[in-house]
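Biologist: I am new to this structure. Please pick one part, look at it closely, and then work outward from there.

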Amino acid sequence: MEEKISSILGLNTEFGVGRQTKTSEFQPELEKLFAFNNRTINQPVDLNQLYTEISIGTSVDFDEEIYAIIPYGQEIDHTFIIYQNTAKIVDLGTDIIVDQFLYYYWKVGFIEYKKTVEDFLSLKVNSIPLSCEDFSLIPFSISTNPKRAIWVNPGRMNDLRFPFGQRTIVSLVNNFVFYLDRKAKAIYEKMHRAFLVHGIIKRYAGKMPDGWRMGLLEYLDVSSSYVIRKAINGLTFLEIPGYGKDFYGKCIEIHDKMIQGNEKQQILSELEISE
């Protein structure tokens with residue numbers, strides 16, 4: 001899917017071990033959680049401790065803006081969903097959550113969505129952001145399992161710190177902090193691309209700017225942190241690519257072509273004919 005993280009085992013989970021007690025809440029407020037509060041400022045949240053404080057659920061609320069999606073250690077199908085003021089753990093892998101997101105907003109699969117985004121960007125890319133009208137998410141794959149990834153909302157990043165010889169520390173605007181094994185260049189490139197895709201989707205939804213030269217920062221209504229302003233790099237509404245094109249229409253067009261191609265291959269296979 002993209003360049004690989006060297007090692008993810010233990011990432012974001014190095015401060016606690018083996019705790020098993022769960023609370024009865026499926027989506028508690030962050031401020032009520034010991035793991036969120038019991039740390040020094042800008043210290044990453046101990047995900048081992050956080051894991052003990054939330055009951056495991058089975059569903060993701062896609063109507064609420066998601067700040068981050070973080071797989072939990074070696075638990076392949078346990079994933080943290082971080083919102084503005086709350087957190088969840090769901091018994092779902094990140095690949096399933098991505099599929100659910102795309103079906104919820106677009107009723108298509110990842111391939112159709114990816115090809116549509118590439119068509120609008122006029123660019124072939126391995127790392128495709130997810131986006132709806134209100135927010136976007138960028139992926140950082142995990143080498144131990146290509147189907148797992150950390151997904152981060154670039155519009156809610158407050159700070160990025162790059163300690164020499166150490167992993168990057170990501171701070172979100174809600175003060176949720178975690179490790180990310182990526183360099184600055186890769187992160188900013190993904191953020192920039194995600195803001196363009198978010199702009200494409202918001203424009204397709206019919207949301208017009210106050211003026212044609214309105215900044216992309218203001219148009220998307222994302223947080224105005226230094227890292228976000230740096231990633232957007234002064235782009236305006238006019239610089240959103242694909243003006244006049246139908247995003248969902250393109251998704252359906254690609255979907256129909258895929259179905260036709262699959263049907264053709266099935267017929268040829270049944271007739272034992274090769275092209």
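Modeller: Start at Ser223. Leaving aside neighbours within four places in sequence, Ser223 is in contact with Gly155, Arg156, Val173, Leu217 and Ile228. Keep in mind that this is a predicted model. Ser223 sits in the loop that joins helix H6 (216-220) to helix H7 (226-232). Is Ser223 buried or exposed? Ser223 counts as buried because its relative accessible area is 16%, and the cut-off for buried is under 20%.

Stay in that loop for a moment. Asp221 is also found between H6 and H7. Asp221 counts as exposed, because its relative accessibility is 56%. That is over the 50% cut-off for exposed. The backbone of Asp221 deserves a look too. Its phi is positive, about 60 degrees, although Asp221 is not a glycine. So one loop holds a buried Ser223 and an exposed Asp221.

Now follow Ile228, one of the contacts of Ser223. Ile228 is also touched by Met191. What else does Met191 touch, beyond residues up to four places away in sequence? The other partners are Ile138, Pro154, Met157, Leu160, Val227 and Ala231.

That leads into the largest nonpolar core. This core has 79 residues. Tyr113, Met157, Phe176 and Met191 touch the most other members. Helix H5 (residues 184-204) gives the core its largest share, nine residues. In soluble globular proteins, nonpolar side chains tend to be buried together.

Look at H5 itself. H5 is 21 residues in length. From its first C-alpha to its last, H5 reaches 30 Å, close to the 30 Å expected at 1.5 Å a residue. Why call H5 largely enclosed by the rest of the structure? Because 16 of its 21 residues are buried. Gly206 follows H5, with a positive phi near 95 degrees.

Beyond H5, the picture turns to the surface. Met208 lies in the loop between H5 and H6. Met208 counts as partly exposed, because its relative accessibility is 46%. Met208 belongs to a nonpolar patch on the surface, formed with Trp212, Leu238 and Tyr243. Together these residues have about 480 Å² of accessible area.

Step back to the chain as a whole. The chain has eight helices and ten strands. Of its 275 residues, 52% count as buried. The chain exposes about 13,500 Å², and carbon and sulfur atoms supply 50% of that. Many contacts join distant positions: among contacts with a separation of 6 or more, residues 24 or more positions apart account for 63%.

Another buried position is Leu47, in helix H2 (residues 47-52). Leu47 counts as buried because its relative accessible area is 1%. Phe36 is eleven residues from Leu47 along the chain, and their C-alpha atoms are separated by 9.2 Å.

Charged side chains come next. Side chains of opposite charge can pair when their charged atoms come close. The structure has ten salt bridges. One of them joins Asp119 and Lys250, at 4.0 Å from N to O. Asp119 lies in helix H4 (residues 110-121) and Lys250 in helix H8 (residues 247-270), so this pair ties together parts that are 131 residues apart in sequence. Asp119 is partly exposed, with a relative accessible area of 27%.

Lys250 has another partner. Lys250 forms a salt bridge with Glu253, where the closest N and O atoms are 3.4 Å apart. Lys250 and Glu253 are three residues apart in H8, so about one helical turn separates them. Glu253 is partly exposed, at 34% relative accessibility. Which residues are linked in a network of salt bridges? Asp119, Lys245, Lys250, Glu253 and Lys257.

Another salt bridge pairs Asp159 with Arg161, at 4.0 Å from N to O. Asp159 is partly exposed, with a relative accessible area of 28%. Arg161 is partly exposed too, at 27% relative accessibility.

End with a backbone detail. Lys107 has a positive phi near 60 degrees, in a residue other than glycine. Lys107 sits in the loop between helix H3 (94-106) and H4. Lys107 is partly exposed, with a relative accessible area of 46%. Asp221, back in the loop where we began, also has a positive phi without being a glycine.

Technical notes
Residues numbered from 1 in each chain as written. Predicted model: local features only at pLDDT ≥ 70, side-chain atom pairs only at ≥ 80, totals over all residues. Heavy atoms only, no water. Core = buried A, V, L, I, M, F, W, Y, C linked by side-chain atoms within 4.5 Å. Buried < 20%, exposed > 50% of the residue type's maximum accessible area, 1.4 Å probe, protein only. Helix = DSSP H or I, 4+ residues; strand = E, 2+ residues; numbered from the N terminus. Contact = heavy atoms within 4.5 Å. Expected span 1.5 Å × (residues − 1). Areas by Shrake-Rupley, 256 points an atom, 1.4 Å probe, with all protein chains shown as cover. Patch = residues over 30% accessible without salt bridge, like charges linked within 9 Å, V, L, I, M, F, W, Y side chains within 5 Å. Salt bridge = Lys/Arg side-chain N within 4 Å of Asp/Glu carboxyl O.
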